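I keep these notes for a reader who has not met this structure before. Each entry records what I looked up and what came back.

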Amino acid sequence: MIETVNLTKKFGDLTAVDGVTLRVEEGEVFGFLGPNGAGKTTTVRMLCCLISKTSGTAKIPGYEVGNDEDSLKIRKIIGLVPDSVGLYDDLTAYDNLDFYGKLYRCTETQRRENIQRFLKMLGLWEKKDVAAGAFSKGMKQKLAIARALIHEPEVLFLDEPTVNLDPES
Ligand SMILES: Nc1ncnc2c1ncn2[C@@H]1O[C@H](COP(=O)(O)OP(=O)(O)O)[C@@H](O)[C@H]1O
Ligand SMILES: [Mg+2]
């Protein structure tokens with residue numbers, strides 16, 4: 001499902017990701033651990049086509065990371081919970097998800113059903129009409145998780161997903 005060979009990213013003289021080779025199978029939950037600054041976020045950002053790679057290869061079900069045409073296809077089938085949530089503070093929880101659902105070209109039915117499904121799953125349904133800016137950090141993190149799921153992605157990337165969450169969550 002995900003396959004990288006010698007994936008490398010340099011920022012000037014700094015090698016942030018140094019020849020990562022990994023394989024993640026369909027249905028697998030793959031934990032990617034390392035100390036701060038190890039290059040985890042940079043790897044995720046390359047796989048999500050948010051930044052370019054310096055060398056090596058990466059494939060996400062058949063698509064090639066770094067190929068412009070494939071980048072769009074990859075973005076359609078992945079979801080990302082980034083390390084900083086970046087929601088629209090002025091929009092309600094519901095409208096945040098609806099907005100991102102529209103960007104992903106979800107149908108109205110898919111948006112309505114999935115927003116309800118994921119907000120209920122994360123215990124935020126009662127807060128659906130509250131502006132995201134008024135959410136606690138943990139609630140924002142949950143909203144970012146719902147956002148990453150709204151278009152039912154085949155591959156889900158979670159960068160430090162437990163940050164700010166209570167132990168039960
Ligand atoms: N945009 C950038 N420009 C320059 N250096 C960066 C940039 N992003 C990350 N780095 C550097 O790359 C290294 C890996 O960072 P990162 O991937 O964020 O680590 P992790 O997520 O494992 O904590 C760090 O040394 C960091 O300072
Ligand atoms: Mg990181």
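**Entry 1: the shell around the ligand.** I note at the outset that this is a predicted model. I began with ligand 1 and looked up what surrounds it, and the list came back as Phe11, Leu14, Ala16, Pro35, Asn36, Gly37, Ala38, Gly39, Lys40, Thr41 and Thr42. Sorted by character, the residues of this shell divide into 5 nonpolar, 5 polar and 1 charged. I then asked which elements supply them, and found that strand S2 (14-24) and helix H1 (40-47) each give at least two residues, with the largest share, 3 residues, coming from H1.

**Entry 2: polar atoms at the ligand.** Next I looked for N or O atoms of the protein that lie by the oxygen atoms of ligand 1. An N or O atom in the side chain of threonine 42 is 2.5 Å from an oxygen atom of the ligand. From the backbone, an N or O atom of glycine 37 lies 2.7 Å from a ligand oxygen, and one of alanine 38 lies 3.2 Å from a ligand oxygen. As for cover, ligand 1 has 560 Å² of accessible area on its own, and the protein covers 60% of it.

**Entry 3: helix H1.** Since H1 appeared in the ligand shell, I looked up how the helix itself is placed. It is mostly covered, with 6 of its 8 residues buried, and these are Lys40, Thr42, Thr43, Val44, Met46 and Leu47. I asked myself what the buried residues of H1 pack against. The answer is a list of six elements: S1, S2, strand S3 (55-60), helix H2 (68-77), strand S5 (78-81) and strand S6 (155-158). Thr42, which I had already noted for its side-chain atom beside a ligand oxygen, is thus among the buried residues of this helix.

**Entry 4: the two cysteines after H1.** Just after H1, cysteine 49 takes a positive phi of about 60°. I wrote beside this that most residues other than glycine have a negative phi. Are cysteine 48 and cysteine 49 joined by a disulfide, or are their sulfurs too far apart for a bond? The sulfur of cysteine 48 has its closest cysteine sulfur in cysteine 49, at 7.3 Å, and therefore no bond is possible at that separation. The count of disulfides comes to 0. Both residues are covered, cysteine 48 being buried with a relative accessible area of 3% and cysteine 49 counting as buried at 8%.

**Entry 5: strand S1.** I looked up two residues of strand S1 (residues 2-11), of which threonine 8 is one. Threonine 8 is buried, with a relative accessible area of 9%, and a polar atom of its side chain lies 3.1 Å from the backbone nitrogen of glycine 19. Leaving aside neighbours within four places in sequence, threonine 8 is in contact with Thr15, Val17, Asp18, Gly19, Met46, Lys53, Thr54 and Ser55; of these, Met46 is one of the buried residues of H1. Asparagine 6 also has its place in strand S1, but this residue is partly exposed, with a relative accessible area of 46%, and its phi is near 50°, a positive value in a residue other than glycine.

**Entry 6: helix H3 and what covers it.** In helix H3 (residues 93-103) I found Ala93, Asn96, Leu97, Asp98, Tyr100 and Gly101 to be buried. The cover over them includes helix H4 (108-121) and helix H5 (137-149). Just after H3, arginine 105 takes a positive phi of about 60°.

**Entry 7: a loop residue and the segment after S6.** Where does alanine 131 sit? Its place is in the loop between H4 and H5, and the residue is partly exposed, with a relative accessible area of 28%. Neighbours within four places aside, alanine 131 is in contact with Asp89, Asp90, Leu91 and Thr92. I also noted that its C-alpha atom is separated by 8.5 Å from that of tyrosine 88, although the two residues are 43 residues apart along the chain. Finally, in the segment after S6 I found glutamate 160, which has a positive phi of about 50° although it is not a glycine, and which counts as partly exposed at 37% relative accessibility.

Note on methods. Residues numbered from 1 in each chain as written. Chains lettered and ligands numbered in written order. Predicted model: local features only at pLDDT ≥ 70, side-chain atom pairs only at ≥ 80, totals over all residues. Heavy atoms only, no water. Helix = DSSP H or I, 4+ residues; strand = E, 2+ residues; numbered from the N terminus. Buried < 20%, exposed > 50% of the residue type's maximum accessible area, 1.4 Å probe, protein only. Polar contact = N/O pair within 3.5 Å; in protein donor to acceptor, adjacent residues only side chain to side chain. Contact = heavy atoms within 4.5 Å. Near = heavy atom within 4 Å. Areas by Shrake-Rupley, 256 points an atom, 1.4 Å probe, with all protein chains shown as cover. Nonpolar A, V, L, I, M, F, W, Y, C, P; charged D, E, K, R; others polar. Disulfide = S-S within 2.5 Å.
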